[in-house]
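Visitor: I am new to this structure and should like to learn how to read its features. May we look at it together?

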Amino acid sequence: MSAALKRKLTALTCLICVIVTVCFPFHQGKAEIIDDSRASFPQLLGSGEDHSRGLALSIDTVLPRVVTSADQVKLSGTITNKSQSHITAVRFIVLTQTGPMSTVTDISSYLSAQSPAGYIAWQENQTISLEPGQSTSYSIHVPAPYFSLESPNDWGPRGISVAAYSGELSGSDRTLMIWDSGTDIDPVKVSYLLPWTSQLTTRSEDGTPAHSLPLLRSRLLSLTQIPGATLAIDPSVIPTHTQRRPQISPDTSTPSGEAAASSSYFSLTPEQRTFWSQLLQRSSSFIALPPYDADMGLPAAITSETLWSLIRESTSDLSHSLENIAHTVNTPESASQHTPQTNETPSTAPQSTSAQSDRKNPADTEPESTQPHTSQSGSTPATQKSFIALPHIITDVAWSPTSFALPLTQRMAKGTTIAPRGDLRSDTELIGASRVEITPSGTTSTQTPSTDTSTVLTSISDVVDLMAWTPDTTEHACDQKQVITAITALIARQNNPTEKTLFIPFDRDTVLDPELIDRLTVMGSQRWVSPISFDDMRNTSPSSLARPAVPETPPSTHKLATAATIGQSVERASTIFRALEDSTSAWNMLKGPVLSAFTPTLSDSSQATQSLVLSQKVNKWASAISVESSTTINLINKKASFPIVVRNNLPWAVQLKVTLTPSDPRLHVLSDTLVAVPSQAAATAEVPVEAIGSGNISVTYIVSTPEGVVLNNATHATVRMRASWEDAATAVIATLFALLFVVGLIRTIKRRRKSAQPADTHDESPQTSDCLCLTSAQDTSESGVAQGNHEQSNGENL
């Protein structure tokens with residue numbers, strides 16, 4: 001190959017490389033990867049982009065976090081040499097803004113380097129020797145007066161930046177500094193809400209996700225020590241393990257069989273007993289979520305009142321579970337020292353709702369063990385624990401994470417609805433109050449709350465994301481805590497005291513780790529922050545700022561259609577349960593599948609599958625009450641009891657009302673019949689009817705609840721009415737009886753007449769004989785009369 005050709009090929013290769021570089025720059029693909037990896041990076045912390053030119057600088061600590069005029073500010077962090085040359089000295093310049101920030105946008109704009117860094121407040125040279133790729137720490141101390149902290153009204157957050165220069169190399173980083181001038185401040189009322197559901201996790205010491213129950217319990221106990229923090233508890237995460245309590249016979253040391261079978265108790269392991277006793281003691285209130293954290297927004301949006309009542313009343317399950325736990329932890333351990341211990345650790349996975357209903361009510365157990373026993377001197381024994389009261393259980397709260405809409409606020413008019421984070425946020429830069437009053441039409445009411453409006457608690461999504469985010473570097477952790485403090489300062493600087501509230505509801509999948517506890521402590525420890533309870537938060541003054549209207553329907557039309565199908569199944573099941581003698585166990589059997597179908601984490605297909613399974617179960621129950629078919633029935637009486645055999649294949653006894661509907665008015669039903677049918681058995685109902693005429697008609701058997709809700713009307717029968725036969729038969733029989741009576745009467749009269757004639761003839765004969773002859777004659781006469789009577793009698797029989 002010639003040298004000229006080689007030069008041409010080389011030139012062509014360079015041209016291709018230039019074209020590819022210009023048209024398809026490599027940094028664009030790299031930027032997309034960075035954006036994807038930082039999808040969860042809080043927006044309030046800025047873009048997080050690296051603006052270094054050979055030097056990478058980070059601010060890891062700002063001490064103190066809140067600066068006063070007499071403080072000395074310490075800025076420390078890490079500097080890294082990203083160049084290919086060795087550096088020996090670095091010049092540090094500290095820049096700060098001249099005044100406080102006023103909006104949340106100012107914070108993210110400054111941290112993203114979209115606004116000026118400020119004026120130079122301090123600069124110094126430091127001898128730092130760094131080889132390429134090497135890092136070291138730095139520290140800068142700046143007296144507070146250099147930051148021009150003069151006017152007391154200019155307190156609050158302001159941007160601060162550290163820039164490093166070494167020759168042509170440079171790098172910088174930004175964060176926030178909060179100045180407290182000591183001026184009088186109306187505090188910001190802050191309240192936190194953390195859901196304890198099956199999705200709640202924690203982190204181990206090495207930072208990896210952990211589902212360890214002991215570790216999670218430790219984090220929950222730490223959370224209860226944070227002022228203003230409230231737990232919203234799903235009852236399905238509470239242990240439901242029960243055991244039989246053995247009774248010790250007076251003369252033996254072994255449990256008596258019958259007594260042991262008659263008593264049960266709520267079993268807790270020693271670790272569980274310790275955890276629950278501390279949790280109940282440290283908590284003032286809990287919010288009750290429906291079992292399985294069922295989304296209340298979907299049932300509220302459909303027309304099934306029974307479904308809404310079911311999910312609304314299920315919030316009382318938490319009270320029942322905690323009552324059992326409180327009773328157990330208040331029972332002295334010595335009272336159950338003969339009780340077998342269990343090593344089972346309850347899972348945070350949802351438990352069966354029917355199992356929850358079988359828990360022992362504290363009122364049914366031994367009452368003397370729930371109160372501390374005292375000695376004769378009035379002192380409490382050292383082994384007896386103090387009585388632990390049950391915290392206040394709040395049940396009038398609806399927290400729908402995905403289906404917040406107008407129907408939910410309308411149904412919760414007498415309670416409180418928690419809007420998803422970011423919903424109903426004000427269009428202005430001003431951070432409005434957390435409480436919002438919503439009219440029946442879905443608009444914001446800026447007037448005094450009334451009975452026509454419903455209370456909704458709103459939140460700022462950026463703040464919730466910031467509080468829940470776990471930083472991956474010390475630099476981000478520093479920025480996070482500074483911004484958290486700055487947010488509360490911005491709200492405190494607002495002139496309207498009624499708008500100074502901040503409600504922070506965490507997501508279901510929040511990671512409860514020590515860092516989250518630390519962030520809550522940082523926010524609540526400032527002097528312009530006043531942590532309050534959930535009850536106090538929903539009773540604060542409502543916002544006077546206009547908010548967007550509440551959506552008319554939930555966003556997912558597919559889930560809404562599935563909810564309507566579930567509602568139809570529940571309505572149909574309710575008609576069956578009205579016939580049960582005791583419907584409690586039936587409702588408990590139905591409640592679990594219904595509520596689990598509304599778990600927010602379910603996909604559309606999974607929810608549709610559960611809806612189908614539920615519908616099939618209800619259809620099976622509906623077909624369990626049937627009427628045994630019969631052949632053609634002959635009815636020859638005007639009035640009769642019509643037998644109808646009803647079979648009950650349900651696992652519960654039923655009380656049914658049985659009747660029939662004739663196709664012709666010639667058959668009239670006198671009254672309905674109530675019949676009790678045991679489980680898996682059949683019973684006969686006698687329905688009184690009256691036939692007015694004759695003919696063949698069709699009747700339909702109707703089986704319904706005592707209230708009249710029809711359960712089965714699919715069985716028919718043919719009836720042959722012969723009501724005239726009864727009249728004819730009656731006339732014939734009456735005639736026969738009359739004839740028999742007349743014949744008998746005539747024969748009786750004739751017999752009496754014939755028997756009287758011989759006696760008359762004897763009386764008329766002359767009395768001429770003497771006494772002896774008379775006697776002989778009489779004997780002869782009597783003998784003759786008897787013989788004559790005998791001859792007459794033989795003649796009638798013949």
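Guide: Certainly; please bear in mind that this is a predicted model. Let us begin with charged pairs. Side chains of opposite charge can pair when their charged atoms come close. Here, Arg508 forms a salt bridge with Asp293, and the closest N and O atoms are 2.8 Å apart.

Visitor: Which parts of the chain does the pair of Arg508 and Asp293 tie together?

Guide: Arg508 lies in the loop between strand 22 and helix 14, and Asp293 in the loop between strand 15 and helix 7, so the pair joins parts that are 215 residues apart in sequence. Both Arg508 and Asp293 are buried.

Visitor: How many salt bridges does a search of the whole structure find?

Guide: The search finds 15. Among them is the pair of Arg538 and Asp396, at 3.1 Å from N to O. Arg538 belongs to helix 15, whereas Asp396 sits in the loop between strand 16 and strand 17, 142 residues apart. Arg538 also meets Asp535 in a salt bridge, at 2.9 Å. Asp396, Asp535 and Arg538 are thus linked in a network of salt bridges.

Visitor: Is Arg538 buried or exposed?

Guide: Arg538 counts as buried, because its relative accessibility is 11%. Asp396, at 22%, counts as partly exposed.

Visitor: How should one read a pair of helices?

Guide: Two packed helices are described by the angle between their axes and the distance between the axes. The axes of helix 17 and helix 18 come within 9 Å and cross at roughly 160°, which means that helix 17 is roughly antiparallel to helix 18. The residues in contact include Met589 and Leu590 of helix 17 and Leu614 and Trp621 of helix 18.

Key. Residues are numbered from 1 along each chain as its sequence is written. This is a predicted model: local features need pLDDT of at least 70, side-chain atom pairs count only at pLDDT 80 or more; totals for chains, interfaces and linings use all residues. Side-chain values use heavy atoms; hydrogens and water are left out. Axes are lines fitted to C-alpha atoms, for helices over the stretch in contact, and angles run from 0 to 180 degrees between N-to-C directions. Helices (H or I, at least four residues) and strands (E, at least two) are DSSP runs, numbered from the N terminus. Angles under 35 degrees count as roughly parallel, over 145 as roughly antiparallel, 65 to 115 as roughly perpendicular and the rest as oblique. Contact means heavy atoms within 4.5 Å. A salt bridge is a side-chain nitrogen of Lys or Arg within 4 Å of a carboxyl oxygen of Asp or Glu. Buried means under 20% relative accessible area, exposed over 50%, partly exposed in between (1.4 Å probe, protein chains only).
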